[in-house]
Amino acid sequence: MIAGNLCKNHVKKWKADCVEKEVLERKLISDGGIPKQEKQIYVKQALEQMNPELKEIIIMFYFQDFKLKEIADILQIGLPLVKYRHKRAKEELKRLLGEEDSHEPGKDDGNI
């Protein structure tokens, strides 16, 4: 019973990771108007501008297919820190690629 539940939980997590990865890859390298090679150039340029700690998380997770736990072991840091950096790295990459909304909540837009 316990082993069965552990297996079910593992499959759920694996599916969630696969969906997240697929969505990010689809956003980064899609055929939506810009050729794939050109988007790859944009991603490479964005990665070059990123903080090295965040960049290595993106490269290891999305391009080298390491799990977050494996990244934590390789970098000899805690899993919570890896998860935090992964989240920040995705946000930074989206920002660098210009995929965020131009209006940020809480910013004064000059309207009274």
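These legends accompany close-up views of one predicted model.

Residues are numbered from 1 along each chain as its sequence is written. In this predicted model, local features need pLDDT of at least 70, side-chain atom pairs count only at pLDDT 80 or more, and totals for chains, interfaces and linings use all residues; side-chain values use heavy atoms, with hydrogens and water left out.

**View 1. The whole chain is helical in its regular elements, with 5 helices and 0 strands.** The elements run α-α-α-α-α from the N terminus. Helices (H or I, at least four residues) and strands (E, at least two) are DSSP runs, numbered from the N terminus. The chain has 112 residues, and 20% of them are buried. Buried means under 20% relative accessible area, exposed means over 50%, and partly exposed lies in between (1.4 Å probe, protein chains only). About 8,600 Å² of the chain is exposed, and carbon and sulfur atoms supply 54% of that area. Areas come from the Shrake-Rupley method with a 1.4 Å probe; for residues, only the protein chains shown count as cover. Among contacts with a separation of 6 or more, 50% join residues 24 or more positions apart. A contact means heavy atoms within 4.5 Å.

**View 2. The largest nonpolar core has 16 residues.** A nonpolar core is a set of buried Ala, Val, Leu, Ile, Met, Phe, Trp, Tyr and Cys residues joined through side-chain atoms within 4.5 Å. L47, M50, I58, I71, V82 and L93 have the most contacts inside this core. Helices α2 (36-49), α3, α4 and α5 each supply at least two of its residues. The largest share, 6 residues, comes from α3. M50 touches K55, I58, A89, E92, L93 and L96, leaving aside residues up to four places away in sequence. In soluble globular proteins, nonpolar side chains tend to be buried together.

**View 3. Helix α4 (residues 68-75) has L68, I71 and A72 buried.** These residues cover an arc of only 100 degrees around the axis, which puts them on the same side of α4. The arc is that of the directions from the helix axis to the C-beta atoms. An α-helix has 3.6 residues a turn, so residues three or four places apart point the same way. Cover for the buried residues of α4 includes α3 (52-63) and α5 (79-96).

**View 4. D65 and Q76 have positive phi values in loops on either end of α4.** D65 is in the loop between α3 and α4. Its phi is positive, about 60 degrees, although D65 is not a glycine. D65 is partly exposed, with a relative accessible area of 47%. Q76 follows just after α4, in the loop between α4 and α5. Phi of Q76 is near 55 degrees, again positive in a residue other than glycine. Q76 counts as exposed, at 71% relative accessibility.

**View 5. R85 and E53 form a salt bridge between helices α5 and α3.** The count of salt bridges comes to 3. A salt bridge is a side-chain nitrogen of Lys or Arg within 4 Å of a carboxyl oxygen of Asp or Glu. The closest N and O atoms of R85 and E53 are 3.6 Å apart. This pair links distant parts of the chain, 32 residues apart. R85 is buried, with a relative accessible area of 13%. E53 is partly exposed, at 39%.

**View 6. Two salt bridges each lie within one helix: D73 with K69 in α4, and E92 with R95 in α5.** For D73 and K69, the closest N and O atoms are 3.2 Å apart. They sit 4 residues apart, about one turn of the helix. D73 is partly exposed, with a relative accessible area of 48%. For E92 and R95, the closest N and O atoms are 2.7 Å apart. They sit 3 residues apart, also about one turn of the helix. E92 is partly exposed at 21% relative accessible area, and R95 is partly exposed at 44%.

**View 7. F61 and Y62 form an edge-to-face aromatic pair.** The count of aromatic pairs comes to 1. Rings of Phe, Tyr and Trp (its six-membered ring) pair if their centres lie within 6.5 Å; planes under 30 degrees apart count as stacked, over 60 as edge-to-face and the rest as tilted. The rings of F61 and Y62 are 4.7 Å apart centre to centre, with 80 degrees between the planes. F61 counts as buried at 9% relative accessibility, and Y62 counts as buried at 7%.
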